[in-house]
Amino acid sequence: MRYIYSAVLLICAVLGFFYSTRVFYNDNYKKSTFRLFALMSLNSGFWSLGFGVMFALDNCEIFKLFRIIGMIGVIFLIISGQMLISVVVRRVKNRYPLILAELVSGAIFIIVSNMPGSYTLSVTDMGVISAEEGFILSIVHVIYIACIFGVFVYMVFDTIRSDYPKRIKSFGKSCMAVVLFIMVGIGIDIVLMLFDIANNVPATSILQFFGIEVIYNSVHRINRNRIYMENMTGYIYNSLRSPVLVFDVNHKLQLINRAAGSFFAMDEYGVDKWSWSSVFDMEPPKAITDKETTDIYDVEYGVSNINCRLYVNSIFDEYNDRVGYIVVVTDMTEQIRAMKAIEQAKDAAESANKAKSMFLANMSHEIRTPMNSILGFSELGLRDDTLEKSKEYFSDIHESAEILLATINEILDISKLESGKLELVCADYYPSALFKDVALIINMQAKRKNLKFDMDIADEIPNKLYGDKARIREILINLLNNGVKYTNEGAVSLKAQLISKKEDMCRLRFVITDTGIGIKAEDIKLIFDSFRRCDHTINSRTEGTGLGLSITKGFVELMDGDISVSSVYGKGSVFTVEIDQKIIEDKQMGITYNEDISDKRTKVRFNNLKVLAVDDNMINLKVVTNVLDMYGIAADTVNSGEKAIEKCKENDYDIILMDQMMPVMDGVMAMKRIRELNRGYEHGGPHKIIVLTANTVNGMRQEMLDIGFDGFLGKPVNFNVIEKVFMEMYPDSYCIVEDDD
Ligand code: ADP
């Protein structure tokens, strides 16, 4: 019989050792509860091994060794059980002294109770039997084991009685079962021994092994219910607000999360009744039929047509076979509503912007038409042989009208810049002509204030460039204008340098210096803001809108350039602009600036030019005819497109100045009709049609030229521009005469 007991115990030992190593599978050893369980199993193995071998032996010497192993198993199994409970209930710290004391006392106990003479051995037909030497040692033996077992039982009771979470209480109940196993085992052992039925029956040893199995399951359960990577999927799955559905390859519903349950009004346990088509009422997704692994569908669900987006992802098993697909449902109702609101807001903003552009175009037209008359007549008045006093009045009117026009232009420019409508209009140009033009204007202004104007243009600047000449001119004039405006004595200068040249690109630097009032350090960062004027006490006497620098900066940025300023208050300022330009012709420019150029008073006369002016506004017609008259041109006039066509049937005009906006037939239509009538007016032909328009919004010039006009003149008509355009078109028909004045 004893060999059967022995064999059973040795099997228990092997299983105990196996259990202690099993935690190394599935990464369980990373969790402290599993590590402690492994320790318990190891001790259980020692317990079974010790007693198992002891039963089988007749040899006292080997018996002694396995008696020690058995004792180690018993004592340390109980202590490691206590450690496990302490970890589970998270009381390791305050139980640490007790457990340490038990470990030390356990070690001492094992040493003392195995010292020579502390016990006697007798060989019986049931094998070797040990007995403590003397009553006290036997009592100590029993009391020690009872004490540590008692502590274990106390800890087990604590887990059940205190207000721990359910998972800990459940763990405690499993430990309770282990306590019962051991108690029953002890009971069986004692009863059999007392009634002399059977000696050495290892009931406790065998039952403790079953306890180990119970504890293993319970450790598993406690870990399953904690937050670990392994169980996160379940937590995430159920905590997602979006419904999640899992289908198999046959499109049968397998799993749903809680959100899906409430969204689709489905019972979690009746999901197998559903399939893809019964849920979504459409063909199965591609993600499962094709090679695709993901798919997106927009569907309307339910009676209230909720807009849903379905994200379908295939799922694969360990062998990389497709086993089904997972569908995440996103309720798009809110998003779609928000998108519609954004679209509506965008449409509203776009139409407001369109209305603004329309307003700008109209305003430009409406204001420029009367400005045309004011500027035109005042200039005519100035050039006419009128009284000295009247000339003075005309001069004042003309000057004020120019300031008003400049302000209108600034407001138009800034609104276009702010609405992002301003685009560069680039073309080939000669920088020398640009600098001469700028010098002419600024020199005149500087002279009026008794200031010196210097211009220093580097020779290396290429002869011909590609860029927006008009905007560069505006930048330079704005900055130089300010220089003159804010300087009372001294000089204003423009320096143009070539700072780098790479392939067909070059970088130009313009330095505008003045010896004026300067800008306070704290104002420097503000001067580029729209409508911002600094130094009010001084500036209140100088006219300005506070827009010039902001427009200048806008233009420079549009050209991807840089603008900077340095100034010493009371001494003067330096504005520096850098821009890149494309090189068209890389010959040296070699400009010589002659200060007297502006003073040369000459007159241009055109001989034998036949001109027709077409405009529905009688005053405009009067201005144009008077201006042309100054150049020796007696122009015909008509006030509509239809009449212009009639006139063209009778005469061949060298130039037709055609107003763009006219009632009934606009300028564009009239141009087309005239060309149909007489091929001589065709684009590039001998007779020219020039559009005359008050609509000078950005890009208008190009638009008109693209439509087919031979030239473009903006209102208010500028004498110099008309002169220039006519001279370019008919270079043989003009002559220059000295002014009589
Ligand atoms: P405006 O000249 O019409 O007031 P700007 O935008 O051209 O508007 O200039 C903004 C402000 O910057 C001016 O009001 C002036 O205070 C200051 N400022 C600009 N240029 C100069 C300068 N060269 N010297 C001194 N102050 C200047």
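Reader: A disulfide is a pair of cysteine sulfur atoms within 2.5 Å. How many disulfides does a search of the whole structure find?
Author: The search finds zero disulfides. Please keep in mind that this is a predicted model.

Reader: Is C506 buried or exposed, then?
Author: C506 is buried, because its relative accessible area is 1%, and buried means under 20%. C426 has a relative accessible area of 32%, so this cysteine counts as partly exposed.

Reader: What about strand β12, is it enclosed or open?
Author: Strand β12 covers residues 505-514, and seven of its 10 residues are buried, so the strand is largely enclosed by the rest of the structure.

Reader: Which strands are joined to β12 by bridges?
Author: One of them is strand β11, residues 491-502, which runs antiparallel to β12 and is joined to it by 10 bridges. Strand β14, residues 572-588, also runs antiparallel to β12, with 10 bridges between the two.

Reader: Which residue of β12 is the bridge partner of K502?
Author: The partner of K502 is M505. M505 also has a bridge partner in β14, namely K582.

Reader: How many residues lie between the strands in the hairpin of β11 and β12?
Author: There are two residues between the strands of that hairpin, and E503 takes a positive phi near 50°.

Reader: Let us change topic to aromatic rings. How many aromatic pairs does the structure hold?
Author: It holds 18 aromatic pairs. One of these is formed by F109 and Y144, which are stacked, with 4.8 Å centre to centre and 20° between the planes.

Reader: Where do F109 and Y144 sit in the chain?
Author: F109 is in helix α4 and Y144 is in helix α5, residues 135-161. The two are 35 residues apart, and their pair links distant parts of the chain. Both F109 and Y144 are buried.

Reader: And W276 with Y325, is that pair stacked or edge-to-face?
Author: That pair is edge-to-face, with 6.0 Å centre to centre and 65° between the planes. W276 lies in helix α10, residues 276-280, and Y325 lies in strand β7, residues 322-331, so the pair ties together parts that are 49 residues apart in sequence.

Reader: Why does W276 count as buried?
Author: W276 counts as buried because its relative accessible area is 0%. Y325 is buried too, with a relative accessible area of 0%.

Reader: Which residues do ring pairs link into a cluster?
Author: The cluster consists of F247, F263, F264, W276, F280, Y297 and Y325. W276 and Y325, the edge-to-face pair just described, therefore belong to this cluster.

Reader: What does helix α4 contribute to the nonpolar surface patch?
Author: Helix α4 covers residues 92-113 and contains I111. I111 helps to make a nonpolar surface patch of about 670 Å², together with Y96, L100, V104, I108, V112 and M115. I111 is exposed, because its relative accessible area is 56%.

Reader: On to charges. How many salt bridges does the search find?
Author: A search of the whole structure finds 20 salt bridges.

Reader: Where do E334 and R337 lie?
Author: Both lie in helix α12, residues 333-383, three residues apart, which is about one turn of the helix. Their side chains meet in a salt bridge at 2.8 Å, N to O. Both residues are exposed.

Reader: How far apart along helix α12 are E350 and K346?
Author: E350 and K346 are four residues apart, again about one turn of the helix. Their salt bridge has a distance of 3.9 Å, N to O. E350 is partly exposed, with a relative accessible area of 42%, and K346 is partly exposed at 48%.

Reader: What about K553 and E557, in which helix do they lie?
Author: They lie in helix α17, residues 548-558, four residues apart. The side chains of K553 and E557 meet in a salt bridge at 3.4 Å, N to O. K553 has a relative accessible area of 28% and is partly exposed, and E557, at 45%, counts as partly exposed.

Reader: Which residues do salt bridges join into one network?
Author: The network consists of R507, R509, D562, E578 and D580, joined by salt bridges that share partners.

How values were computed:
Residues are numbered from 1 along each chain as its sequence is written. This is a predicted model: local features need pLDDT of at least 70, side-chain atom pairs count only at pLDDT 80 or more; totals for chains, interfaces and linings use all residues. Side-chain values use heavy atoms; hydrogens and water are left out. Patches are made of residues with over 30% relative accessible area and no salt bridge: like charges are joined within 9 Å, nonpolar side chains (Val, Leu, Ile, Met, Phe, Trp, Tyr) within 5 Å. Accessible areas come from the Shrake-Rupley method with a 1.4 Å probe; for residues, only the protein chains shown count as cover. A salt bridge is a side-chain nitrogen of Lys or Arg within 4 Å of a carboxyl oxygen of Asp or Glu. Buried means under 20% relative accessible area, exposed over 50%, partly exposed in between (1.4 Å probe, protein chains only). Two strands pair if DSSP finds at least two bridges between them. Rings of Phe, Tyr and Trp (its six-membered ring) pair if their centres lie within 6.5 Å; planes under 30 degrees apart count as stacked, over 60 as edge-to-face and the rest as tilted.
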